[in-house]
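Here's a quick walk through a protein–RNA model, written for someone who would rather look at residues than read tables. Keep the viewer open as you go.

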Amino acid sequence: MLELHYLRDHKKEAIDALSKRKIDATELINTILELDEKRRSNQTELDAILAESNNISKSIGLLYKEGKRDEANLLKEKTSVLKSKSKDLDHLQQEIKDNLQQALWAVPNVPNEKVRAGNSEAENEEVKIVGEKPNLGENNKAHWDLADQYDLIDFELGVKISGAGFPVYKGKGARLQRAMINFFLDENCKAGYKEYQPPHFVNEESGYGTGQLPDKEGQMYHMQDDNLYAIPTAEVPVTNFFRDEIVKLEDLPIQCTAYTPCFRREAGSYGKDVRGLNRLHQFDKVEIVNVAHPDKSYDLLAQMVKHIEGLLEKLGLHYRILRLCGGDMGFTAAITYDFEVWSAAQERWLEVSSVSNFETYQSNRLKLRYRGEDNKTHLCHTLNGSSLALPRVLAALLENNQMEDGIRIPEVLIPYTGFDKI
RNA sequence: GGAGAGGUGUCCGAGUGGCUUAAGGAGCACGCUUGGAAAGCGUGUGUGCGGGCAACCGCACCGAGGGUUCGAAUCCCUCUCUCUCCGCCA
């Protein structure tokens with residue numbers, strides 16, 4: 001949620017920047033500013049009436065004490081008028097605030113100056129590419145065939161007990177999953193992140209805090225009886241740790257990492273995109289979340305990018321980094337870098353990480369602030385990234401490392417798997 | 001699931017309709033005191049919104065939302081969360 005004072009002072013700038021998302025926010029922002037104008041004048045009026053009413057009430061108390069009943073009753077009549085007036089204004093104010101809230105929720109975050117205008121993923125900018133496409137030779141197989149051949153993943157069994165998109169990992173496949181989770185967590189901890197195990201279900205407020213609600217309602221699994229949502233990413237519970245908190249300046253940046261399964265309904269996906277491990281309803285991911293001082297958040301973003309590059313390099317994967325264009329960026333992000341690995345048998349890039357700076361967009365909703373040198377409260381910046389999402393890393397590892405007589409395990413994972421080949 | 005007790009500021013904790021402008025204590029900050037420290041003394045110490053160049057002023061907030069009243073932390077209703085006991089249970 002954008003800050004009102006920002007929209008007041010930088011209206012044109014905001015509209016220009018938002019146009020990079022290929023939306024015209026002019027009307028919406030005008031509505032917001034009008035509502036804000038109304039809200040403020042109404043507030044002033046309401047406060048004045050309440051102040052007068054408070055004073056009269058105090059006088060009535062005193063008059064009763066002195067036994068001046070008649071005078072007190074006279075004043076009572078006066079307040080009844082004020083009361084009905086204040087009630088009307090109060091209702092109006094509530095209505096204005098609700099409308100203002102709705103309108104503010106409808107405006108996505110303002111893209112950073114580096115973000116290029118664009119409609120879709122076709123216009124994303126490739127900012128870096130590392131490594132080379134492995135040469136697999138004639139008889140290479142896609143990961144779903146390899147998974148079958150080496151008895152690593154049972155998609156059919158998942159369908160039987162849950163449905164499509166819920167694979168069952170087994171044997172060395174399960175072990176490799178566990179190895180990657182541990183490896184990623186260990187690397188994140190070494191880089192200064194503190195490890196957490198958050199709940200996998202969150203309440204409604206948490207959904208609003210990070211921006212999944214109200215607009216992405218249908219993308220989450222919802223347990224109606226208890227009104228809880230299955231987390232689509234650890235970002236949701238972990239970032240919400242800090243909801244309604246005022247953190248200490250010296251504690252920044254706060255760096256968290258967590259492994260969780262992620263649950264996504266993925267309504268509307270189809271075709272080759274969903275084959276094998278490419279898109280799942282349940283998958284494992286290790287996430288990093290940063291709460292930062294506004295002046296430091298872009299340095300941190302650079303560090304996060306560097307850190308994730310390190311992971312991919314250690315795994316020996318051919319990868320590239322994209323800076324998303326306005327139209328492909330998530331609603332709440334100011335800037336996003338996607339990491340894609342080359343899946344050699346499918347001959348396509350697979351997204352394995354998405355790193356974003358949300359600036360104050362999330363913290364404004366969360367009411368996540370720090371106390372500055374000036375002793376006042378200011379909104380923090382929040383950032384997060386996957387480090388990493390497992391299924392597509394697994395897909396790429398299986399495909400890229402396949403050999404005549406098995407699949408090679410990257411050196412860094414061997415201490416975790418206990419085997420060097422599948 | 002059943003029964004009971006609770007939710008007050010950064011924390012502890014008093015407060016059953018108006019001298020509450022939320023007592024008192026702790027913590028924290030600053031000052032005094034001291035050779036230095038502790039103790040002691042003094043002062044300050046929440047959040048949000050509105051107004052103002054500012055000092056400052058006003059309004060709201062005692063789990064949440066309604067209600068009664070001229071006036072609610074206090075009375076009434078609904079919801080919610082926590083704790084204790086019982087039941088069930090990895």
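What follows is a short tour of a predicted model, from the overall chain to the RNA and then to a few local details.

## The chain as a whole

Chain A has 422 residues, and 50% of them count as buried. Its secondary structure comes to 13 helices and 18 strands. Lay the chain along its principal axes and the C-alpha atoms fill a box of roughly 100 × 45 × 40 Å.

How much of the contact map is long-range? Take contacts between residues at least 6 apart in sequence: 73% of these join residues at least 24 apart.

## Where the RNA sits

There are 21 residues around RNA strand B, and those that come nearest are Arg39, Thr44, Asp47, Ser57 and Arg371. Sorted by class, this surface has nine charged, seven polar and five nonpolar residues. Helix H3 (26-65) supplies at least two of the residues, as do helix H4 (69-105) and strand S14 (369-371). H3 gives the largest share, with 13 residues.

Which part of the RNA faces the protein? Of the strand B atoms within 4 Å of the protein, 72% belong to sugar or phosphate, and the rest are base atoms. Bases do get some polar attention, though: a polar side-chain atom of Asp47 lies 2.8 Å from a base nitrogen, and a polar backbone atom of Ser57 is 2.7 Å from a base nitrogen. On the phosphate side, an N or O atom in the side chain of Thr377 is 2.9 Å from a phosphate oxygen.

## H3 and Asp47

H3 is worth tracing from end to end. Its 40 residues reach 58 Å from first C-alpha to last, close to the 58 Å expected at 1.5 Å a residue. After H3 comes Gly67, which has a positive phi near 80°.

Asp47 lies in this helix. Is Asp47 buried, partly exposed or exposed? Its relative accessible area is 40%, and buried would need under 20% while exposed would need over 50%, so Asp47 counts as partly exposed. If you're looking for a partner far along the chain, try Asp90: the two are 43 residues apart in sequence, yet their C-alpha atoms are 9.9 Å apart.

## Two nonpolar cores

The largest nonpolar core has 57 residues, and the members that touch the most others are Met180, Phe184, Leu312, Phe339 and Leu388. What does Met180 touch beyond its neighbours within four places in sequence? It is in contact with Leu390, Val393, Leu394, Leu397 and Leu413.

A second core stands separate from that one; it has 22 residues, including Leu7, Ile96, Ala103 and Tyr361.

## A buried lysine

Lys285 is found in strand S10 (residues 282-292). Why does Lys285 count as buried? Buried means under 20% relative accessible area, and Lys285 has 4%, so it falls in that class.

The side chain of Lys285 has polar company. It makes a polar contact of 2.8 Å with the side chain of Thr233, and another, of 2.7 Å, with the side chain of Glu287. Leaving aside neighbours within four places in sequence, the residues in contact with Lys285 include Tyr259, Cys262, Arg264 and Ser386. Leu388 is also on that list, and Leu388 is one of the residues that touch the most other members of the largest core.

## Backbone oddities

Most residues other than glycine have a negative phi, and most peptide bonds are trans. With that in mind, here are some spots to check by eye.

Two peptide bonds are cis. The bond from Leu252 to Pro253 has omega near -5°, and Pro253 lies in the loop between strand S8 (246-247) and strand S9 (254-263). The bond from Ser387 to Leu388 has omega near 0°, and here Leu388 is part of strand S16 (residues 381-389).

For positive phi outside glycine, look at Lys22, where phi is near 65°. Lys22 is in the loop between helix H2 (11-18) and H3, and is partly exposed, with a relative accessible area of 46%. Asp244 also has a positive phi, about 60°, and its place is in the loop between helix H9 (235-240) and S8.

Terms used. Residues are numbered from 1 along each chain as its sequence is written. Chains are lettered from A and ligands numbered from 1 in the order in which they are written. This is a predicted model: local features need pLDDT of at least 70, side-chain atom pairs count only at pLDDT 80 or more; totals for chains, interfaces and linings use all residues. Side-chain values use heavy atoms; hydrogens and water are left out. A residue is near a molecule or strand if one of its heavy atoms lies within 4 Å of it. A polar contact is a pair of N or O atoms within 3.5 Å; within protein, one must be able to donate a hydrogen and the other to accept it, and residues adjacent in sequence count only if both atoms are side-chain atoms. Helices (H or I, at least four residues) and strands (E, at least two) are DSSP runs, numbered from the N terminus. Ala, Val, Leu, Ile, Met, Phe, Trp, Tyr, Cys and Pro count as nonpolar, Asp, Glu, Lys and Arg as charged, and the others, Gly among them, as polar. A nonpolar core is a set of buried Ala, Val, Leu, Ile, Met, Phe, Trp, Tyr and Cys residues joined through side-chain atoms within 4.5 Å. Buried means under 20% relative accessible area, exposed over 50%, partly exposed in between (1.4 Å probe, protein chains only). Contact means heavy atoms within 4.5 Å. The expected span of a helix is 1.5 Å times one less than its number of residues.
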